[in-house]
Structure formats: C-alpha cells, structure tokens
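Let us walk through this structure, from the overall fold down to single residues. Keep the model open while reading.

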Amino acid sequence: MSEHQQQQPAPRRGKVLEALARAERKVFFTRPAPKSANAQVKFLLTRVKGSTKALAERLGVSRRTVERYRAGKLTPPQKRLQAALVEETESEWHPQVRAQARQQASTSSGMMVEVTAYFGFTCSGSSDDGRIRTITTPISPTYAKQILELQEAGAAEDDLHPIVAEAITESYFTEWGTRADGLRADFTHVQAIEFLF
C-alpha cells in the first residue's frame, strides 16, 4: 500500500466548531504557534513523547512521512496534511492559556458571538418571518460554559446549534427575559460565525 493510500481524509468541522477553535487561537498572546511543517512536527513529537508512530496516526500519514518532516527533508505538505498539522499544533499550543480563557468565559466574562445565518422563530405572539440576519451579541457565562463543555466532549456541529441559538435568543431577542416572552429562535444555513473570549 502506498503512502498516499494510507493517508486518511482530514475530518471536516462545521462553522461553529471552527469559530470556537479560532477564538481559542486568538488568546495566544505570548508566542505564536510554530508555522513551518518541520517546526510543527518537532513540537508535536514533544507532545507524544517522541513517538513517530503516535504522531503519524494522529496526522493520518505514514511514520516515514513524519520522520522526513522532522529531518527537514520534505517540501511544504499537501493541503490536507498542512491543515492537520496546523490543527494539531494549535490544539496543543499553550494549554494553560487556553484553559484560563475557557474558565473565565465559563464563570465570569462569557463570550461575544457574531453570526450571519438564517434565523427562524416560534413564539406565542407574532414575530418577524425567518430571514438571514447578522447578529452580534454577548453570550452569558452559563451558555458559554455549556457550549465549551459540548465542544470539549466532542459534540457534533448539529449538537451545538440549539445551544448557540438559545444563547442568542436570550441575549439578543429577549434581552435577558425583559421582552418577547416565549420566543425561541433557531438558526440554520450559517454563512459566517465568530466567537471572542
């Protein structure tokens, strides 16, 4: 079996999961994560205690490919491997800083969200028809905690949509329960989303 046949397709994450990952990357204010494939492989090898086999399995490549990148013998990686290297490196980079940001968002500061998506509504009175909206609003620490816990537990994109929609409903549409009693918003067809810790 060739090395190319051994490679697995990179897993695709949805827009909400990608936005959460980008928000975490933005809190890296000390040193930027390694950028070159050689530096990323060397860093990731420190996280797997030097095991080229373990790293190869994480990246979906052969052990020999990992060894070549470690030695600096290969050119820039193909898009799939490059994406896997970036994702794995950033997921391991500065875990204490990431943990502090997540803890603060879950207990005191919450998060901001900016989303462009199709919002539809159900309520006891009347409401606007569903449509594409761009909304920027804070998310309370209670909802931030639920979202981050779901993300950490490996939730799928579809599992996150209802809780993000509920958080947006609370802060934007019902203004923390001061209006539009009974309104529930759902969103689909996410065009863009960003979170900020």
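The account below starts with the chain as a whole, then turns to packing, and ends with a few individual residues.

This is a predicted model. Confidence comes first, then. The mean pLDDT of the protein chain is 84. A pLDDT of 70 or more is reached by 89% of the residues. Among the elements, the lowest mean belongs to helix α1, residues 3-6, at 44. The highest belongs to α8, at 94. Over residues 1-11 the pLDDT is below 50. That stretch still has 14 contacts in the model beyond near neighbours in sequence.

Next, the fold. The protein chain has nine helices and three strands. From the N terminus on, the order is α-α-α-α-α-α-α-β-β-α-α-β. Of the 197 residues in the chain, 42% are buried. Take the contacts between residues at least 6 apart in sequence: 68% of them join residues at least 24 apart.

Now the packing of two helices. Such a pair is described by the angle between the axes and the distance between them. Helix α2 covers residues 15-26, and helix α8 covers residues 141-152. Their axes come within 11 Å and cross at roughly 105 degrees. Angles of 65 to 115 degrees count as roughly perpendicular, so α2 is roughly perpendicular to α8. Which residues in α2 and α8 meet? From α2 come Leu17, Leu20, Ala21 and Glu24. From α8 come Ile147, Leu148 and Gln151. By class, this contact has five nonpolar residues, one polar and one charged.

Both helices also feed the largest nonpolar core. That core has 31 residues. Phe119 and Phe195 touch the most other members. Two or more residues each come from α2, β1 (111-122), β2 (131-139), α8, α9 (157-173) and β3 (184-196). Helix α9 gives the most, with seven residues.

Phe195 shows how distant parts of the sequence meet; leave aside its neighbours within four places in sequence. Its contacts then include Val16, Ala19, Leu20 and Ala23. Met111, Met112 and Val113 are also in contact with Phe195. Ile139 and Val164 complete the list. Leu20 thus appears again, having been named in the contact of α2 with α8. Apart from this core lies another, of 17 residues. Among its members are Leu44, Tyr69, Leu81 and Leu85.

Some single residues deserve a look. Ser140 sits in the loop between β2 and α8. Is Ser140 buried or exposed? The cut-off for buried is under 20% relative accessible area. Ser140 has 12%, so it is buried. Outside its neighbours within four places in sequence, Ser140 is in contact with Gly110, Glu170 and Trp176.

Finally, the backbone. Most residues other than glycine have a negative phi. Glu175 is not a glycine, yet it has a positive phi of about 45 degrees. Glu175 is found in the loop between α9 and β3. Its relative accessibility is 37%, so Glu175 counts as partly exposed. His189 also has a positive phi, near 50 degrees. Where is His189 found? His189 is in strand β3. The relative accessible area of His189 is 63%. Exposed means over 50%, so His189 is exposed.

Key: Residues numbered from 1 in each chain as written. Predicted model: local features only at pLDDT ≥ 70, side-chain atom pairs only at ≥ 80, totals over all residues. Heavy atoms only, no water. Axes fitted to C-alpha atoms, helices over the stretch in contact; angles between N-to-C directions. Helix = DSSP H or I, 4+ residues; strand = E, 2+ residues; numbered from the N terminus. Parallel < 35°, antiparallel > 145°, perpendicular 65-115°, else oblique. Contact = heavy atoms within 4.5 Å. Nonpolar A, V, L, I, M, F, W, Y, C, P; charged D, E, K, R; others polar. pLDDT = per-residue confidence, 0-100. Core = buried A, V, L, I, M, F, W, Y, C linked by side-chain atoms within 4.5 Å. Buried < 20%, exposed > 50% of the residue type's maximum accessible area, 1.4 Å probe, protein only.
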